[in-house]
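Hi,

Here is the structure I promised to pass on. Have a look at it first, and my notes on what turned up follow below.

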Amino acid sequence: MPNKKPLYIAVGVIAAGAVAAGAVVLTGGKNSSSAQPAAPAGVTTSTTAGALPTVTTPTAADSPSSAPTASSSTASSASPSGDATGAFASDGTTPLSSFPSLTKISDALGTSAHVTTTIDPRYQNAAASALAKYQDSAMVVLRADTGEILAMASHGAADLAYHAQLAPGSTFKVVTAEDLLRNGVRASTPAPCKAHDDEYDVSNDDTSLTNGHADLGWAFTYSCNTSFTGLLGRLSGSPLDREASTYFGLNQPWDLGLGPVTYGASGAANVPEATGGDFAREMFGQGEITVSPLNMASVAATVAAGSFHQPILVRGTKASAHAQPLDKTVAATLRTLMRRVVTEGTASSLRRVSPAVSAKTGTAEPGGNAANNSWMIAFQGDIAVACLVEGGGHGDDAAGPAIAAMLGAVR
């Protein structure tokens, strides 16, 4: 099912002290969430019809002279050198501007204080290197049990790591499977894999994929769309939009330390309310779902940790989004299924990665004549990752090898 073309959110450069004043750094266009904080004093926004807002930064004379207060999410102790200011990686000394794909965020956090972020130079460099041969690609690495963003790398003109507004393909089956399992479906529940689901006009990416004796576990491992849509009736009272918010923290504004923003969504929700055929397509990550690698890395992290921890970029930031913990049995089953995807299923590119990795592949249709987008989410211990390669084909064609390269580089 064709999906809407991606829209990107503009990043404004906020003057010294603006973040401390609760400034929103990421601002959206006409399709963006309306629940955005107002710009801080001294920062003006202007919008032309059909265009993204632009941000005008005050001159030095207009900028606040004081540093963020101790209660600010961006305030931190004095810099090691005593006079350095700006945004730095987690080591406290490497400027965030050292990483090309984080320059805009570095500018946005460039207050008059020494701002320490959660970015780990090892993971950031490894992610950027892994993406080097894939144009229009992105990768986000999180610490699953805290939500700390260790890497947020993009390759190409757009900051896809957190700006992408694209269907996630079958990586979203992690959310759908959680919903099914919580509603009494088991991995052993029959879920025949048909070549085509006539009721909802759904086929599989691999048109030869059929198995009349498949169960949910097999369908997840080999990514059969029709097996999932065949179970739609089991979710009649549990819509995916609500499940995504309640257990995975989606459809909510996240404050990484930059102000609350609904990342990835072109409207107010990553996963809109849907019925009928639209609901069926959402079950395998198509329809009107719009997410970013940041969102999907968090989905992997939620499974790994057993509960959602809102991603944060600036140390000390209080999460603005919250979710209920996963049922322990459901979480354990999801971890088993994601490991099975690697050992015998569609994520063969990760089989030789050590320590063991668990994953879910995704092949998403962007619409029109564009090539399919390659997605993969994975976790290794408490490290969770998502990768997107636009036009990269199947999930294991590009996103999988990129994740394998990143994990191999930080061993």
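**What I found**

Let me start in the middle of a sheet: Arg 143 has Ile 383 in strand 15 as its bridge partner. Before going further, please keep in mind that this is a predicted model.

That pair belongs to a longer run of contacts, since strand 7 and strand 15 (residues 383-389) are antiparallel and share seven bridges. Strand 7 covers residues 137-143, and six of its seven residues are buried. It also pairs with strand 8 (residues 149-155), again antiparallel, this time through six bridges. If you want a spot to look at there, Val 140 sits opposite Met 152 of strand 8. Strands 7 and 8 form a hairpin with five residues between the strands, and within that hairpin Gly 147 has a positive phi near 85 degrees.

Follow the chain out of strand 8 and you get to Asp 159, in the loop between strand 8 and helix 3 (160-163). Is Asp 159 buried or exposed? The relative accessible area is 10%, and the cut-off for buried is under 20%, so Asp 159 counts as buried. Leaving aside residues up to four places away in sequence, Asp 159 touches Ser 101, Lys 104, Ser 154 and Ala 164.

Helix 4 (residues 173-182) is another covered element. Nine of its ten residues are buried, so the helix is largely enclosed by the rest of the structure. The buried ones include charged side chains as well as nonpolar ones: Lys 173, Glu 178 and Asp 179 are on the list, and so are Val 174, Val 175, Ala 177, Leu 180 and Leu 181. Thr 176 is buried too. Just after helix 4 comes Gly 184, with a positive phi of about 95 degrees.

**Strand 13 and the pocket**

Strand 13 (residues 358-364) is worth a look for its burial: seven of its seven residues are buried. Ser 358, Lys 360, Gly 362 and Ala 364 point one way, Ala 359, Thr 361 and Thr 363 point the other way, and both sets are buried. Its antiparallel neighbour is strand 14 (residues 373-380), joined to it by seven bridges. One of the pairings to check on screen is Thr 361 with Met 376 in strand 14.

Strand 13 also matters for the largest pocket, where it supplies the largest share of the lining, three residues. The pocket holds about 250 Å³ of space. It is lined by 14 residues, and Tyr 222, Ser 223, Thr 346, Thr 363 and His 394 are the closest to its centre. By class, the lining comes to nine polar, three charged and two nonpolar residues.

**Backbone oddities**

Most residues other than glycine have a negative phi, and most peptide bonds are trans. A few places here go against that.

- Ser 223, one of the residues closest to the pocket centre, has a positive phi of about 60 degrees although it is not a glycine. Ser 223 lies in the loop between helix 5 (216-222) and helix 6 (225-229), and at 12% relative accessibility it counts as buried.
- Asp 201 is not a glycine either, and has a positive phi of about 55 degrees. Asp 201 lies in the loop between strand 9 (196-197) and strand 10 (202-203). With a relative accessible area of 58%, Asp 201 is exposed.
- Ser 354 and Pro 355 are joined by a cis peptide bond, with omega about 0 degrees. Pro 355 is in the loop between helix 10 (328-343) and strand 13.

**The overall picture**

Stepping back, the protein has eleven helices and 15 strands. There are 411 residues, of which 57% count as buried. Taking contacts between residues at least 6 apart in sequence, 67% join residues at least 24 apart. The protein exposes about 15,500 Å², and carbon and sulfur atoms supply 50% of that area.

If you open just one view, I would pick the pocket, with Thr 363 and Ser 223 among the residues closest to its centre.

Cheers

Note on methods
Residues numbered from 1 in each chain as written. Predicted model: local features only at pLDDT ≥ 70, side-chain atom pairs only at ≥ 80, totals over all residues. Heavy atoms only, no water. 1 Å grid on protein atoms, 1.4 Å probe; cavity = no way out; pocket = protein on both sides within 12 Å on 5 of 7 lines; lining within 4 Å. Points joined across faces, edges and corners; volume = space filled by probe spheres on them. Helix = DSSP H or I, 4+ residues; strand = E, 2+ residues; numbered from the N terminus. Buried < 20%, exposed > 50% of the residue type's maximum accessible area, 1.4 Å probe, protein only. Pairing = 2+ DSSP bridges. Contact = heavy atoms within 4.5 Å. Areas by Shrake-Rupley, 256 points an atom, 1.4 Å probe, with all protein chains shown as cover.
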